[in-house]
Amino acid sequence: MAESIPADAMHAHDDHHHTEQSIWSKYVFSTDHKMIAMQYMFTGMAMALIGGFMAYAFRMQLAFPGIDVPGYGTVTASDYNALVTNHGTIMIFWVAMPVLIAAFGNYLIPLMVGCDDMVFPRLNRLSYQIFLLSAIVLIASFFVPGGGFGGAWTAYPPLSAKSQYSLTALGSSFWLVAVALEFTAFLLGGINFVTTAMNARAPGMKIFDIPIVVWMIVVASILFMSSVGPLIAGAVMLFMDQNVGTAFFDPDKGGDPILWQHLFWFFGHPEVYVVLLPAMGITAEIMCVFARKKMFAYKTFLYTTFATGILSFTVWAHHQFVAGIDPRMANIFTVTTLLISIPIAEMCFIYIATLYGGSIRLTTPMLWALAFVAEFLIGGVTGIFLGASGADIYFHDTYFVLAHFHYTFFPIAIIGTFAGFTYWFPKMFGKMMNDTLGKIHFWGTIIPFNFIFIPLFVLGAAGQHRRIYNYEHFPELAGVEMQDMRVLATVSMLVMLVFQLVFFYNCFISWKKKQKDAGKNPWKANTLEWTTDSPPPHGNWPELPTVYRGPYEYSVPGREEDYFPQNVPD
Amino acid sequence: MTSRSTASLRVISDPRPVLPSAVLGMLIFVVAEMMMFAGLMSAYTIVRAGALGWPPPGQPRLPVEATAFNTAVLLASAAFLFFANRAYTRNRDLAKRPLFTAMALGAFFVVFQGYEWVMLIRQGLTLTSSIHGSFFFLIVGMHGLHAVAGLTVLGRAGLKLSKGLLAPSTFAAAQVFWYFVVGLWPVLYFMVYL
Ligand code: HEM
Ligand SMILES: [Cu+2]
């Protein structure tokens with residue numbers, strides 16, 4: 001087992017092991033942005049399967065405590081902690097980040113701004129290699145003596161700092177090193193994204209001709225790079241507390257455990273926008289194409305994003321309302337938290353205004369995009385309850401919080417990814433996906449998703465705390481009604497997992513040429529990636545394009561066709 | 001291969017980037033680094049403000065004067081780098097001497113800091129002797145690592161320069177990093193030593 005799992009993370013390369021050199025340099029050591037995007041995409045998807053498997057194991061334990069989980073075995077208390085911790089860590093750092101930012105960013109930025117590759121291709125390759133290493137270290141942490149780290153994805157000390165509490169001396173350090181490596185990888189990636197979008201645009205592409213998804217990935221990268229520093233500092237301090245015997249977070253020796261929480265959340269809250277923005281951008285692209293309308297308020301959207309980015313640095317302590325912070329401080333953070341809901345709401349209104357009066361085509365990508373907005377709204381609205389410090393003293397660390405962030409993260413990491421993946425699949429692989437299968441997969445994911453997390457809101461409001469592995473030990477939480485809801489959530493999750501097979505089957509048959517060729521521009525879209533072959537050749541275009549207008553000129557009055565590609569002269 | 005069927009004769013001028021890519025990339029990196037040091041310094045400030053006495057009793061005094069001298073050495077290194085850049089824009093060969101002087105001064109700084117560490121450790125200030133020692137070695141050590149990295153970057157630029165291969169943007173990026181290393185130090189000195 002110990003050897004097979006790391007190999008899994010590299011599964012994208014498995015088939016190429018025994019073939020000749022050129023294949024190695026094409027698939028493994030490539031500096032081509034499209035290949036690196038695919039490496040990130042498939043590594044991220046493999047990690048999603050691992051993270052999903054963990055969720056399966058611990059949800060089974062919650063619904064049927066003590067059961068011998070098929071395919072896993074009995075989930076012990078420490079297993080449970082390690083599974084929950086690493087599920088969260090993986091889904092955020094090894095799925096949402098690599099897929100939404102690294103994979104889509106790498107694939108789309110050069111193609112959408114009209115250049116042949118990233119500005120620093122070798123840095124790009126290095127970024128993926130470090131990322132892959134980080135995934136391997138994380139998975140290895142499960143197989144070291146003591147097992148995987150179980151101190152929650154937020155890694156608060158003293159649990160994370162002292163092995164006499166966590167009992168996972170090695171696992172904690174592996175976890176920390178893996179996270180630090182992952183940050184390094186994204187730092188390198190982010191430098192590339194911003195520089196490429198700023199410096200390598202096609203002739204004629206002005207700053208407001210850049211497609212919104214590129215902007216979103218750029219802003220997300222800037223947010224990431226300006227928030228991650230303090231956490232890297234914190235990680236170094238935590239690592240030294242674990243292994244060198246310093247006491248940065250130990251109050252007995254003059255340190256301060258709350259300090260970690262500040263360093264973590266100063267990064268942690270901007271991080272949620274880091275993953276949110278790319279998904280928002282993907283959604284915007286898809287909506288314009290399938291509503292055949294110009295994006296409503298492009299510039300407002302952009303400025304709103306900047307404002308959100310800045311505000312997102314001022315809200316972090318809303319995660320610490322019960323950590324003993326000064327109530328006057330709590331008030332300030334309540335106000336900033338409520339303020340930041342405004343730009344997010346505004347962006348949702350922009351979507352609605354974009355759709356208004358359009359000729360909407362409910363293709364699979366469009367369904368995902370619409371679902372993204374609808375489901376994310378629930379996540380955003382429940383965030384407001386949590387941001388009010390008075391309410392949060394009750395809600396904190398209950399399943400209400402858990403349901404809140406799953407209603408934000410699931411739309412982002414899963415719905416957003418499926419939206420982007422199904423939309424750009426024809427470009428990436430040159431084939432159309434089967435639309436019927438796509439819709440079956442869509443409904444088979446969305447309906448169970450709500451049946452998983454709505455019960456968890458109710459449970460949270462009823463006082464069910466997070467991070468408890470067996471509620472039978474808590475009489476007031478072990479009632480039949482509450483247990484029934486846990487079972488409902490778990491069964492819905494099983495249903496959702498099964499429907500993912502439809503997706504993989506659909507990918508497989510579409511890719512195996514059972515579907516029709518996509519051609520260059522199957523959706524009749526305007527942006528530059530649709531002006532080259534599908535899949536694009538090395539170097540993207542035989543001759544780089546020139547840009548004459550913004551990306552969303554749909555249904556232009558007086559034009560025969562209802563779209564007007566960016567590279568077509570007037 | 002297909003070519004652009006919609007090719008047009010209209011010429012659109014290729015806008016020159018405001019900053020060369022190497023410089024922009026380095027600047028972004030430096031911003032991330034600054035945030036990291038900001039995190040360290042705010043952690044340090046918070047712990048220091050909450051402590052009963054600083055430095056904690058029984059811990060040696062930091063060598064304030066000697067380090068002030070060393071700070072001056074580091075600043076001088078930045079000045080020589082500035083001269084190197086001026087020379088480089090006129091006659092590349094003239095840039096060698098100031099560049100190597102800048103590196104020598106930077107190396108002196110690192111060695112001198114190391115010597116200081118040895119003395120302090122002898123006097124009982126270690127990474128684990130107190131929270132004061134932990135922060136001192138962490139912050140100064142982090143800066144030292146950056147200084148070593150900066151010297152490497154300058155060294156590579158110097159190597160290219162002597163081969164006549166140094167591109168202006170590479171040199172500019174190296175300078176950005178070294179100025180960051182130098183510019184950061186007085187702030188750290190002020191907050192940690194004084
Ligand atoms: C309108 C915006 C939002 C508001 C007002 C908001 C507010 C909050 C608040 C106050 C908490 C702390 C609850 C507690 O621990 O007691 C919280 C937790 C959380 N939120 Fe949000 N949120 C918003 C959007 C988002 C988004 C977009 C994401 C993700 C992409 C997200 C992810 C999370 C996560 C992961 C946690 C829990 C962290 C943990 O304790 O493990 N939130 N949110
Ligand atoms: Cu937050």
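Let me begin with the surroundings of ligand 1, where the shell is made up of 11 nonpolar, 10 polar and 3 charged residues; here Ala, Val, Leu, Ile, Met, Phe, Trp, Tyr, Cys and Pro count as nonpolar, Asp, Glu, Lys and Arg as charged, and the others, Gly among them, as polar. Please keep in mind that this is a predicted model, in which local features need pLDDT of at least 70 and side-chain atom pairs count only at pLDDT 80 or more, while totals for chains, interfaces and linings use all residues. Residues are numbered from 1 along each chain as its sequence is written, chains are lettered from A and ligands numbered from 1 in the order in which they are written, and side-chain values use heavy atoms, with hydrogens and water left out.

Which residues come nearest to ligand 1? Of the 24 residues around it, these are A:Trp153, A:Asp392, A:His396, A:His404 and A:Arg466, where being near requires a heavy atom within 4 Å.

A:His404 deserves a moment, as its NE2 atom is the single protein donor to the iron atom of ligand 1, at 2.1 Å; donors are N, O and S atoms within 2.8 Å of the metal, or 3.2 Å for Na, K and Ca, and with water not among the atoms, sites may look incomplete. This histidine sits in helix α14 of chain A, residues 399–429, helices being DSSP runs of H or I with at least four residues and strands runs of E with at least two, numbered from the N terminus. The copper ion, ligand 2, is 4.5 Å from that iron atom.

Turning to the oxygen atoms of ligand 1, one lies 2.5 Å from a polar side-chain atom of A:Asp392, while for A:Arg466 the corresponding separation is 3.0 Å. The elements giving two or more residues to the shell are α9 (257–291), α11 (327–355), α12 (364–387) and α14 of chain A.

Let me now move to chain B, which has 5 helices and 0 strands. Its radius of gyration, taken over C-alpha atoms, is 22 Å, well over the 16 Å that the globule rule (2.2 Å times the number of residues to the power 0.38) gives for 194 residues, so chain B is more spread out than a compact globule. Along the principal axes, its C-alpha trace spans about 80 × 40 × 25 Å.

Finally, the cysteines: the search of the whole structure finds 0 disulfides over all chains, a disulfide being a pair of cysteine sulfur atoms within 2.5 Å.

Note on methods:
Polar contact = N/O pair within 3.5 Å; in protein donor to acceptor, adjacent residues only side chain to side chain.
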